[in-house]
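This report covers strand pairing, one helix and two loop residues. The sequence and structure come first.

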Amino acid sequence: MSKAVQVDVAANAELFILQDRVHEPMHDRFLWGAMMRRNAAAAAIPEWEELRDLASKIKEHTLTHLDHYLEQFEANAKKRGAHIHWAVDAAEHNNLVYSILQEHEVTQLIKSKSMVHEECGMTPFLQHRGIQVTESDLGERIQQLDGQPPSHIVMPAVHKTRQDVAKLFARTIGTDPNNDDPQYLTEAMRNNARPKFLAAQAGMTGGNFAVAETGTFVVCTNEGNADIGASVPPLHIASIGIEKLIPRVEDLGVFLRLLSRSAVGYPLTQYSSHFTGPKRGGELHIVLVDNGRTRRLGMPEFWHSLKCIRCGACMNTCPVYRRSGGLAYGATYSGPIGVILDPTFDEFKYSELPFHSTLCGSCSEVCPVKIDISDQIYKWRGVMAAKGYLPLAKRASFQIAGRAFAHPEEYRALTNLARPAVAYAPDFLLYNKALNPWGRDREVPKLAKQSFRDWYLANRSGHGN
């Protein structure tokens, strides 16, 4: 069993929801707006469902032939002058990156947004060894200055208001705390960060897609921030999860049409930068990262999660994520995709995450590569229950409910008892925090005087309907 402490996602979510009357409604509204733009963008393409189906099949084919495509990518990337490294886990990734930086005497690094870097804990690892790391993505830079991880795959600081950013910048880079104009704040950060960008001796990126046919990898951004890190310093290091492989350049068009539309409802990202070998006079190192991916590939129930292209659509549509915020999950990946990815890193630590879901299925409906997210969430619940990771109260309640649902007579007897019990039970019992955590912030609804079954038997039974 892991020595890590279980993440109390409900308590974390409560901190976000109850902190004030501003952040949770703003977060919900903003992400729902992104979801509406996604729906409009999808509806505007007649072949949208065909694209989703094709993308899913391409990913499934690649993952079931991953060894072949990884070898092909490595060979083609080397032919074009790139150095290829393999990292079995986060520790090996971080040590590899550090050794490359040490070899080139790098003390200042600029990096673009990368979930692999977050997953590996790379930035604090390098900072503890004397390397200054500056995020080039505005949202990531905001989170970096605030000492927080990203709360969203695509929009790292989506949980913050303009006023939050104004106060943060005033505290960290000396701006006017009362000026929350977005243009003013963006210009201030640009002026603060640009000298660091120009002084950096190395740049790091992730990779959205890696094309086996050519040894090319593609980085998609809306700010062009990856380009400055890849173009200005002489050394470029790219960390790429091994699941990012696709077979051919021809396949890339399918995913580029799906990615930005699914993420934020726009036809394409502003910049889709293709890197095939190092720039003239420069040096390119590509680190292909496993970090549990091959283990996940061998999990019959859960390997489909490797299809994920990190668009965040499942997060934008999820009613639980929109109201709880990404930091509540206590993990690199949040929202529905986080619920099925995080337990593969540490089942015990993230054992509560699969219950942080309504199982409404909306996440599966919007996934551009058709991952069965809600079904996997349900299956992860079974894993956590089978391993005994559930709290005692939850285990007991599930046992009682399971027995009642399996025996109709007992179920009907309990429902008949529940109606008067709820009506006359004292509040200290109904709203007991241990027995009914749901009732801490909600009123228990009044039960109908008659069950649907009783109504049906009295009014429709024998009518032939």
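In which sense do strand 7 and strand 10 pair, and over how many bridges? In this predicted model, the pairing of strand 7 with strand 10 is parallel and extends over seven bridges.

## Strand 7 and its partners

Strand 7 spans residues 235-241. Within the pairing with strand 10, Leu235 stands opposite Glu283. Strand 4, residues 202-205, is also joined to strand 7, by four bridges, and these two strands run parallel. Here Ala202 has Leu235 of strand 7 as its bridge partner. Leu235 is thus placed opposite Glu283 of strand 10 and is the bridge partner of Ala202.

## Burial of strand 7

Seven of the seven residues of strand 7 are buried. In a regular strand, side chains alternate between the two faces of the sheet. In strand 7, one side carries Leu235, Ile237, Ser239 and Gly241, and the other carries His236, Ala238 and Ile240. The residues on both sides are all buried, so both faces of the strand are covered.

## Helix 10

Helix 10 comprises 18 residues, 182-199. At 1.5 Å a residue it should span 26 Å, and the C-alpha atoms at its ends are 26 Å apart, so the expected and computed spans agree. The helix nevertheless bends by about 35 degrees at Ala193, and a proline, Pro195, follows within four residues.

Ala193, where the bend is located, is also one of the buried residues of helix 10; the others listed with it are Leu185, Ala188, Met189 and Phe197. The cover over the buried residues of this helix includes strand 2 and strand 3 (132-135), together with helix 8 (138-145), helix 9 (162-173) and helix 11 (225-231).

## Two loop residues with positive phi

Glu105 has a phi near 55 degrees, a positive value in a residue other than glycine. It lies in the loop that runs between helix 5 (90-103) and strand 2 (108-111). Is Glu105 buried or exposed? With a relative accessible area of 66%, Glu105 is exposed.

Asn291, which is not a glycine, also has a positive phi, of about 50 degrees. Its loop lies between strand 10 (283-289) and helix 13 (293-297). The relative accessibility of Asn291 is 12%, so this residue counts as buried, the cut-off being under 20%. Of these two loop residues, Glu105 is exposed, whereas Asn291 is buried.

Methods:
Residues are numbered from 1 along each chain as its sequence is written. This is a predicted model: local features need pLDDT of at least 70, side-chain atom pairs count only at pLDDT 80 or more; totals for chains, interfaces and linings use all residues. Side-chain values use heavy atoms; hydrogens and water are left out. Buried means under 20% relative accessible area, exposed over 50%, partly exposed in between (1.4 Å probe, protein chains only). The expected span of a helix is 1.5 Å times one less than its number of residues. The bend at a residue is the angle between axes fitted to the seven residues ending there and the seven starting there. Contact means heavy atoms within 4.5 Å. Two strands pair if DSSP finds at least two bridges between them.
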